[in-house]
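Here is a short briefing to read beside the sequence and the structure. Points are grouped by topic.

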Amino acid sequence: MGSSEQSSGGGHPPQARRLSEELESLLEIAPGRPMTLRTVVEHLHFRGLPALIVLLCVPFLFPVAIPGLSIPFGVAIALCGLRLGLGHNFWMPEFLLRREISYELLQKLVGTAARFYRKVEKLVRPRMHFLQRWPGMINLMGFMIMIGGILLSLPIPPPFPLTNTIPGLAVIFMALGIMERDGVCTLIGYGFALLGLCYVGLIFVLGAAGAQQLWQWLTG
C-alpha cells in the first residue's frame with residue numbers, strides 16, 4: 001500500500017502539455033468572447049517567444065489573406081524577432097497588445113495552428129543542435145524572423161500568390177527550430193526565407209519595370 005501511495009503521490013512532475021494543447025486551451029479561457037493580444041501573450045509567454053511567433057504566423061498560411069491582420073501581426077512578429085535577435089525579453093507596444101481578436105477568428109487561428117502543430121510535432125525532435133549552439137546563431141535566427149515579419153507586413157497587391165505563405169513558413173520553421181532545438185527545422189526555415197526574399201525581390205523588380213514601361217507609354 002505504501003508503494004502504491006509513493007507511485008501515485010509524487011516523484012515525477014506532471015508532463016508539460018504540448019503546444020497544440022496549450023493553443024486549444026485559449027478557447028477555454030475566452031468562451032464566446034473576443035480576446036486581446038495581451039491575453040494571448042500572457043497565456044503563451046511561458047512557452048517563450050517562439051510559441052507566440054508560431055501562433056501569430058497562422059493567418060499568413062491561409063490562401064486568402066485575412067483583412068486587417070497582415071500589418072499588425074507582421075509588425076508583432078518583426079518585433080518578437082528583433083527582441084530575440086538582441087537577446088532581450090519580450091516587449092510589444094501597447095496599441096498591439098490592446099488589439100482584440102474576435103472569438104470566431106480566434107477559433108479559426110487556434111484550430112489551424114493546433115492541427116498544423118499536431119502534425120509537425122510528430123516529426124520535430126532535437127537534432128543538429130550545433131546549428132544553434134554556435135555563437136550568434138540564435139541572434140541570427142531572431143533577425144531572420146524579424147525580416148520575415150517585415151515581409152509579411154508589406155502591402156503587396158493580391159494578384160501575387162504566396163507572398164505571405166512563403167515568409168510565414170520560414171518564420172514558423174525557424175521558431176519551431178528554436179523551440180524544439182531542431183536544426184533540420186532551422187535549415188528548412190532558412191530555405192523558405194531565401195525563397196521568400198527572392199520572390200518578393202522579383203515582384204518589386206517586375207513592378208518597377210512595369211511602372212517604367214507604363215510611364216514611357218503615357219509620356220511617349
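A residue is called buried under 20% relative accessible area, exposed over 50%, and partly exposed in between. By that scale Phe192 is partly exposed, because its relative accessible area is 25%. The model is predicted. Its protein chain has 11 helices and two strands. What follows covers the overall build, helix α11, the charged pairs, the aromatic pair and one threonine.

**Overall build**

- Along the sequence, the elements run α-α-β-α-α-α-α-β-α-α-α-α-α.
- The protein chain has 220 residues, and 44% of them are buried.
- Among contacts in the protein chain with a separation of 6 or more, 74% join residues 24 or more positions apart.
- About 12200 Å² of the protein chain is exposed, and carbon and sulfur atoms supply 64% of that area.

**Helix α11**

- Helix α11 spans residues 183–219 and holds 37 residues.
- From first C-alpha to last, α11 reaches 54 Å, close to the 54 Å expected at 1.5 Å a residue.
- Its buried residues include Gly183, Cys185, Thr186 and Gly189. Further along α11, Ala193, Gly196, Val200 and Ile203 are buried too.
- In an α-helix, residues three or four places apart point the same way, because there are 3.6 residues a turn.
- The cover over the buried residues of α11 includes α8, α9 (137–153) and α10.
- At the start of α11, a side-chain oxygen of Asp182 comes within 2.9 Å of the backbone nitrogen of Val184.

**Salt bridges**

- How many salt bridges does the structure hold? There are two.
- Side chains of opposite charge can pair when their charged atoms come close.
- One salt bridge joins Arg38 and Glu94, with the closest N and O atoms 2.1 Å apart. Arg38 sits in helix α3 (residues 37–44) and Glu94 in helix α6 (residues 94–97), so the pair ties together parts that are 56 residues apart in sequence.
- Arg38 is partly exposed, at 30% relative accessibility. Glu94 is partly exposed as well, at 38%.
- Another salt bridge joins Asp182 and Arg127, at 2.8 Å from N to O. Asp182 lies in the loop between α10 (165–180) and α11, while Arg127 lies in the loop between α7 (103–120) and α8 (130–133). This pair links parts of the chain 55 residues apart.
- Is Asp182 buried or exposed? Asp182 is buried, because its relative accessible area is 0%. Arg127, at 23%, counts as partly exposed.
- Asp182 therefore appears in two roles: its side chain meets Arg127 in a salt bridge, and a side-chain oxygen reaches the backbone nitrogen of Val184.

**Aromatic pair**

- A search of the whole structure finds one aromatic pair. Phe173 and Phe192 form this pair, and the rings are stacked.
- Their centres are 6.0 Å apart, with 10° between the planes.
- Phe173 belongs to helix α10 and Phe192 to helix α11, so the pair ties together parts 19 residues apart in sequence.
- Phe173 counts as buried at 15% relative accessibility, whereas Phe192 is partly exposed at 25%.

**Thr112**

- Thr112 is found in helix α7.
- Thr112 is buried, with a relative accessible area of 16%.
- What does the side chain of Thr112 reach? The backbone oxygen of Lys108, at 2.9 Å.

Methods: Residues are numbered from 1 along each chain as its sequence is written. This is a predicted model: local features need pLDDT of at least 70, side-chain atom pairs count only at pLDDT 80 or more; totals for chains, interfaces and linings use all residues. Side-chain values use heavy atoms; hydrogens and water are left out. A salt bridge is a side-chain nitrogen of Lys or Arg within 4 Å of a carboxyl oxygen of Asp or Glu. Helices (H or I, at least four residues) and strands (E, at least two) are DSSP runs, numbered from the N terminus. Buried means under 20% relative accessible area, exposed over 50%, partly exposed in between (1.4 Å probe, protein chains only). The expected span of a helix is 1.5 Å times one less than its number of residues. Contact means heavy atoms within 4.5 Å. A polar contact is a pair of N or O atoms within 3.5 Å; within protein, one must be able to donate a hydrogen and the other to accept it, and residues adjacent in sequence count only if both atoms are side-chain atoms. Accessible areas come from the Shrake-Rupley method with a 1.4 Å probe; for residues, only the protein chains shown count as cover. Rings of Phe, Tyr and Trp (its six-membered ring) pair if their centres lie within 6.5 Å; planes under 30 degrees apart count as stacked, over 60 as edge-to-face and the rest as tilted.
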